[in-house]
Every structure is written in structure tokens, then in C-alpha cells.
Amino acid sequence: NLSVQNCSAYLKLLQRLMKQLPQNKLNSKSIDDVSDSEDDMDDDDQSIMSISGLQAECLRLINSEAHLKCIFNCLMNLPQSEYIEPLASISFQLLVHHKMAMHRIRLLYVLAFNSQFLRNLWEACCTVSVRTVTGSSTPLLNMLSKGVPMSTSNIDRIVPLLATFCCLFNHSLLTIHDADFYGDVEATSSMPFFLDEIVPMCRQLRDTCLGIIELAHPDTRMAISNDYRQALEKTGVLSKKSNEEEEAELTRQWAYLFKVISALVRQLHNRDSRRPFCPSGHWLSPNVRIATDRPSQIYSAQNAIFVRRDFGSLSALTKANVDTDAPPLANRDVRNLVILTELPFVVSFLDRVMILQNLIVVDKQEHQGEMTNFGMGPSIVINIRRNFIYEDAFEKLSPENEPNLKKKMRVSLLNVAGLDEAGVDGGGIFREFLSELLKTGFDPNRGFFRYAADRSLYPNPEAGLLVENFTSHYYFLGRMLGKALMENLLVEIPFATFFLSKILSPSNASLDIHHLQSMDPLMYKNLLYLKHYEGDVSDLGLDFTVVNSEFGETKIEELKPGGHNIPVTDENRIEYIHLMADYRINKQIRPHCNAFRRGMNDVIQLEWLQMFNSGELQVLISGASVPVDLHDLRQNTKYSGEYNDMHPVIQTFWSVLNEFSDQQKRQLLKFVTSCSRPPLLGFRDLYPAFCIHSAGGEVDRLPTASTCMNLLKLPAFQDAETMRTKLLYAIESGAGFELS
């Protein structure tokens, strides 16, 4: 029972004691155990280090109710300057040296849900400063953001404050629903900051992450003499350690700080991606420059594969080159790799698309060879009945028959009569086949996918009742979608946001309740209603079960063991809400998503796709919903035969095309290229280039196309009306390649 006057002294004493306890050095394992999700709750209860008897007793005292009352007394009665740094230092020691401390030490999660403490802690992070030689003050956070080296004493001041804030606020955000975050409901104490305060915070934390990367991996290392080092040691800029010890300890410290800040930044960015609260372009950093048009190790498939596996933290970046036979990466390339894997959203979407395409080019050359465009090299040759596209493809492209789908694929389509359709597959028939296969496979009428409320698609939880080996179908569909991405084929299939997020999540990590809104808005609304229900929850008659209707048959499943006999009350409703959301968006479709992810990863590395968020991945799959840019198309169109851009027939063609609706323009694009949406990087990225070939003067003929060459064969129509009529008839006929 401490008086208010003694609280400050008690906190400072506890701060000093925590530092004096025997601790293991911060190591790579402790860094990698920092998590931005709650999945690690399943881990064992062992600490990273063996806890001594003295440490265990200290933890028991810190977790005691009397101690928590003392801390609360400090928060209520002491000025901010008296408790912020001691509490931050105590929390930092607990977070660094004890696994899952955020979930197991009461002090930490009490502080995480104290809005005023979080506000004061962020203010301290922004205001703690150092005196310059001119007498002015420079905030340490600004120095970090700019990658300015600082003394050990200043590092010891800013790191505990910033790391503790990021860990606590990140944990707090996990429990704050979007309705609370965006202020859709009446203000509550659960959201410690207003949105107009979060926006500059996002920018500051983003820049701090980039500054830490610069500090950990500068372009040059400063070599200093022994005399100069001794002088720096006296001033505190350098401690009395060897170069190797100093560098290793600093790297470990930067790695931990980067990990906790980037986890918070990613969570804030995910919120902004689901429902924007930052202005357009807010996350892009003007200081990040990644050249996308030069050959570099950073674009090689080999290095990219190791990004997620070995580059889990900054301290692990150096070992990647030891584990591979590749030459060591330059520090600039190491920084770029960290940015692309941990903070990809600071790089523009188009730049990341170009990086992805460079990675795919390298991978395709490895598996298809350099002569693939000349009809040579390893390839897959299959005959497919047009009326049984899915069934034939599922059998002939199974892993047993075709283990490597990265090879060039050549397709021969058979019509209803069982005869080969006219045309030689130079790539166009394959693209049409793959497009139709994907539309058929993802058709809800087939049963593997179903519509969400917004008509987007996600795996059908009841697919196991349709076919016995349902996971093999999801594996197959994942491979086919991966093949479409690898071949830069756009398919207009709208996927549910939460399903795309599951594809991109590392190791298929569980999604939180926020993603339920894209699957079932009504259930999400009802769960939020339950959370804020002011009456007696037990009167609603709920228990820890869920009712499923499978083809007219009602089935009841328990959300937790004994759920039938556990009523939902005021005390356990939060647990019920999270278990219900977890069941719907995770457990119910886990085998479906696992199989789909494995299939995609068999063709295209999921690590590469994790440079994008769910909305951007949808654009990669389906293209952007933008009008067809005729000016861009004309600028990148080639001509053959007697045609050129100034030919009268070509002038008439563009004039007629300019009068088409956007839907008709898309139909023409699909007729010629087999895809109705323009390439992501514009028509300059279309290969082969869009080409118009003279089909002679027989005006009774229809325009035809060779999609394998993106070639439109256009007769010399003499007037605009004939040109319009013939074009529309051809592009709206819906026929296959036999029209050519």
C-alpha cells in the first residue's frame, strides 16, 4: 500500500531491478516470436529463456492484484513525466525476454486497454529529444525516421518507449472492431485515438521503419581508428565493445524494434485497405527507389524464394547468403528485399507489378527454356472437349499426369461433333481454354464456390458433400489460377475479400472478425449488436453452438467443447463473438483454402503475391475496372499487309471504334486477344502487340482474328456503316476459333 508520493520512487526502483535481473541477450528467436496476430496463443507456455526463481517471483509480484492497483494509482495521480518512462522500460523488459508476455502478463494487457496511457506513451515517443550543438532540440523519433545514427544512451531512451507503444497498441487494435475504429458507433474508450490522429501516426511509423532499415543496412560502413573510437566511447556515442559486438547488438535491437513497428504499420494499412481513412498515396514513400527495369539479384526467383523463409527479421538477412550459393547481396538490395516483403505498400502498385513480372520471366525461362516461343522446349500437349472442359482438364492436368504446370501448354479443342476446331495453338487457344476453364470451375452451379452477399466468390463449406475428394478439386483450381497469373491472363472472376486475404496470409493464418463483413454482412452486424447489447445477454437464449443447414438437413456443431451446455452471458459474449467469427471464416473452410493455396503455390510462389493486398490481388487476377483506352491501344497497334495508320480503312476503323460503347470495346478486345480487359501496364505490355492485318477487298466477309498473335484480320470495308455492322456481328457471335 504505497502512498502517491512513494509511487514514483517505486516505479523507478522496479525499473532498475528489472534491468538488473539476469537476462539472456535478445536473440533471433525472440525477435521472430514477435507476432502481429493471436495465432501464437497455441504455442507452448515456455519462456524464450529459462526463468530463474528470482525472475519467477518478480513475475508473480508484477501480476498480483496489489501491484496492479499500485500501477493504477500511479496512472491516476502522478504526472505523465513521472511514470511514462519507468512503465515503458518495465514493459519493454517483459516483452523482450518473455514469450507471449502480451497475453500472459496482466500488467501488459491492462496497459494495452488503457486509452490515456497509450495516448501519453505516443506523445512521449514523439517528444523525447536530444540537444544539438546549437542548443535546439531534435526529436529522437525524427532522427530514426531519417536513418540518423544516434548514441547508445539515446537508443536506450527511444527504443523502450516506441517498442512498448507498438506492442500495446497493436494488441489493442486486434480487439477493436471496424465500427469502433471508424467511429460508426458512439464513442467508447476502446479506441484511444481519433482517425485524424491515426493518419499522421501512420506516416511517422512508416518512415521510422524505413529509417531503421537504413540504420541496419547502410550503403557504407564507417571505418574508424582506435584513437577516434576511444574518444567516441568517452562521449557515449560508442560503448566499450568490439566492432563486431557493437554491430551485432545494434542489429538485434533494430531487428526487434523493426518487427514490432512493422507489425503495427501492417495492421493499420490492412484497415485502410478494407476501408480507406488515409488520403490517396499516403502510404507511398518518396524516399524509396527500386529500379524495376534493370537486371539484378533482387529480381531472381532464387532470392525471392528465400525472402519469406529466411528473412523473417533483419537479423536473419545476413544468413540468407550463407545458406545459398548465390553471391552476397549488396546492402541496397537487402534493403529493397526487406521493403518488398515487410512493407511492400510503400512501393507503387505498378512498380510491384513490374517486379512480379520480372520474377515470373526468370521462373518461366528456367522451366520452359529460351526456345519456347519457337515451338521448342518442354511442353504440355492436351486434347480437350469443349463441352467437357472442366472434366477433361481435371483429369489430364492432375498432378499425377502433369506434375509441372510451369511448362508451356498447347491445347487442341474438340467441338460438339468431336472434331478438332480450326486453328493451331500459338498461345491463343490455350488462353481461351484457360479462361473458359476457370469460369467453369468457379461457377457456383458446379458447387465448389458460392456467392457472398456482394456476389463475390468464396469456397463452399458444403463441397465435401458433393464429391468425396473435394480438396483435390481446390488444389486443381488453385493450380489453374496460378497458371493464369503466371501467363499474365486476366480472368473476370470476383473473389471475396476475405478469401483473397487467406490466400495472401502467411501459412494460411487465421483471419479476425473484421473479415467476416465481406462474407456475411448480416452476421457481422448481429455480432456487433450482441457486443453492444445493453440488456441481459442471457435473455437472448444463445449458447456456444452454431446451426448449419446442409442440403435441407440441420446440423448443430459446438464452438467449444461442451458448447451445448454453456449459455452466452455478459461475461463470455466477447469469446462467443470471436469463436463464431472464427468458425465461419476459418475453421469451416480451412481444408478448402489449404488445398487451394498449395495448388497456387505449385505454379507461382505465394511469397511473390504477398507483395500485394487483397484488393491488388483481385486486380492482378481480373484487371482494373477501367475503360478501354483507345488512344493507348492505337499508339501501340501494329499493321501488316497494305495497312498503316493513315490508310482510309484504318481511319474508318478507329472512327467506328470510337463510337462503340465500353462493353463493345471490351468485346472487340476479347475477340482479338481472348481477354476483355486491358493489360495492367497498358497496351505496350501486350505481347504480341495488337495488330491489324489486311484481309483483302472481299467486303462480304466478316472480320476474323488469330488470338495466338493478337491479330485482327480486317477486310477493306469502304464505309463506316458496313464496318460497324460487320464488326459487331463478329464480336457478338460468341463463336470459338472456328470463325477464323
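A residue counts as buried under 20% relative accessible area, as exposed over 50%, and as partly exposed in between. Keep that handy for the exercises below, which all use a predicted model.

**Exercise 1. Sorting residues by accessibility**

Work out which of the classes buried, partly exposed or exposed fits His631, Arg455, Asn488 and Ser435.

Solution.
- Step 1: start with His631, which sits in helix H29 (residues 630–635). Its relative accessibility is 58%, so His631 is exposed.
- Step 2: go on to Arg455. With 53% relative accessibility, Arg455 is exposed as well.
- Step 3: take Asn488. Its relative accessible area is 36%, so Asn488 is partly exposed.
- Step 4: finish with Ser435, a residue of helix H20 (residues 428–441). Here the relative accessibility is 3%, so Ser435 is buried.
- Step 5: look at what touches Ser435. Setting aside neighbours within four places in sequence, Ser435 has contacts with Leu489, Val491 and Lys670.

**Exercise 2. The whole protein in a few numbers**

Find how many helices and strands the protein has, and what share of its residues is buried.

Solution.
- Step 1: count the elements. There are 32 helices and 12 strands.
- Step 2: check burial. Of the 740 residues in the protein, 52% are buried.
- Step 3: turn to the surface. About 34200 Å² is exposed, and 51% of that comes from carbon and sulfur atoms.
- Step 4: see how far apart in sequence the contacting residues are. Among contacts with a separation of 6 or more, 72% join residues 24 or more positions apart.

**Exercise 3. Two unusual phi angles**

Say what is special about phi in Arg455 and Asn488, and where the two residues lie.

Solution.
- Step 1: recall the background. Most residues other than glycine have a negative phi.
- Step 2: read the angles. Phi is near 70 degrees in Arg455, a positive value in a residue that isn't glycine. For Asn488 phi is near 60 degrees, again positive and again not in a glycine.
- Step 3: place them. Arg455 belongs to the loop between strand E5 (449–451) and strand E6 (457–459). Asn488 is in the loop that runs between helix H21 (470–486) and H22.

**Exercise 4. Far in sequence, but how far in space?**

Give the C-alpha to C-alpha distance for Arg455 and Phe495, then for His631 and Trp654.

Solution.
- Step 1: Arg455 and Phe495 are 40 residues apart in sequence, and their C-alpha atoms are 8.6 Å apart.
- Step 2: His631 and Trp654 are 23 residues apart in sequence, with 9.7 Å between their C-alpha atoms.

**Exercise 5. Helix H5 and its partner**

Compare the span expected for helix H5 (residues 80–97) with the span in the model, then describe how H5 packs on helix H8 (residues 115–127).

Solution.
- Step 1: at 1.5 Å a residue, the 18 residues of H5 should span 26 Å. The end C-alpha atoms are 26 Å apart, so the two agree.
- Step 2: count the buried residues. They are 14 of the 18, so H5 is largely enclosed by the rest of the structure.
- Step 3: find the crossing. The axes of H5 and H8 come within 10 Å and cross at roughly 85 degrees. That makes the two helices roughly perpendicular.
- Step 4: list the residues that meet. H5 brings Gln80, Tyr83, Ile84, Leu87 and Ala88, while H8 brings Phe117, Asn120, Leu121, Glu123 and Ala124.
- Step 5: sort them by class. This contact of H5 with H8 has 7 nonpolar, 2 polar and 1 charged.

**Exercise 6. H22 against H28**

Decide how helix H22 (residues 497–504) and helix H28 (residues 614–622) are oriented.

Solution.
- Step 1: the packing angle is about 95 degrees, and the axes are 9 Å apart.
- Step 2: angles from 65 to 115 degrees count as roughly perpendicular, so that is how H22 and H28 stand to each other.
- Step 3: name the residues. H22 uses Thr497, Leu500, Ser501, Ile503 and Leu504, and H28 uses Ser614, Leu617, Gln618 and Ile621.
- Step 4: sort them. The contact of H22 with H28 holds 5 nonpolar, 4 polar and no charged residues.

Methods:
Residues numbered from 1 in each chain as written. Predicted model: local features only at pLDDT ≥ 70, side-chain atom pairs only at ≥ 80, totals over all residues. Heavy atoms only, no water. Axes fitted to C-alpha atoms, helices over the stretch in contact; angles between N-to-C directions. Helix = DSSP H or I, 4+ residues; strand = E, 2+ residues; numbered from the N terminus. Parallel < 35°, antiparallel > 145°, perpendicular 65-115°, else oblique. Contact = heavy atoms within 4.5 Å. Nonpolar A, V, L, I, M, F, W, Y, C, P; charged D, E, K, R; others polar. Expected span 1.5 Å × (residues − 1). Buried < 20%, exposed > 50% of the residue type's maximum accessible area, 1.4 Å probe, protein only. Areas by Shrake-Rupley, 256 points an atom, 1.4 Å probe, with all protein chains shown as cover.
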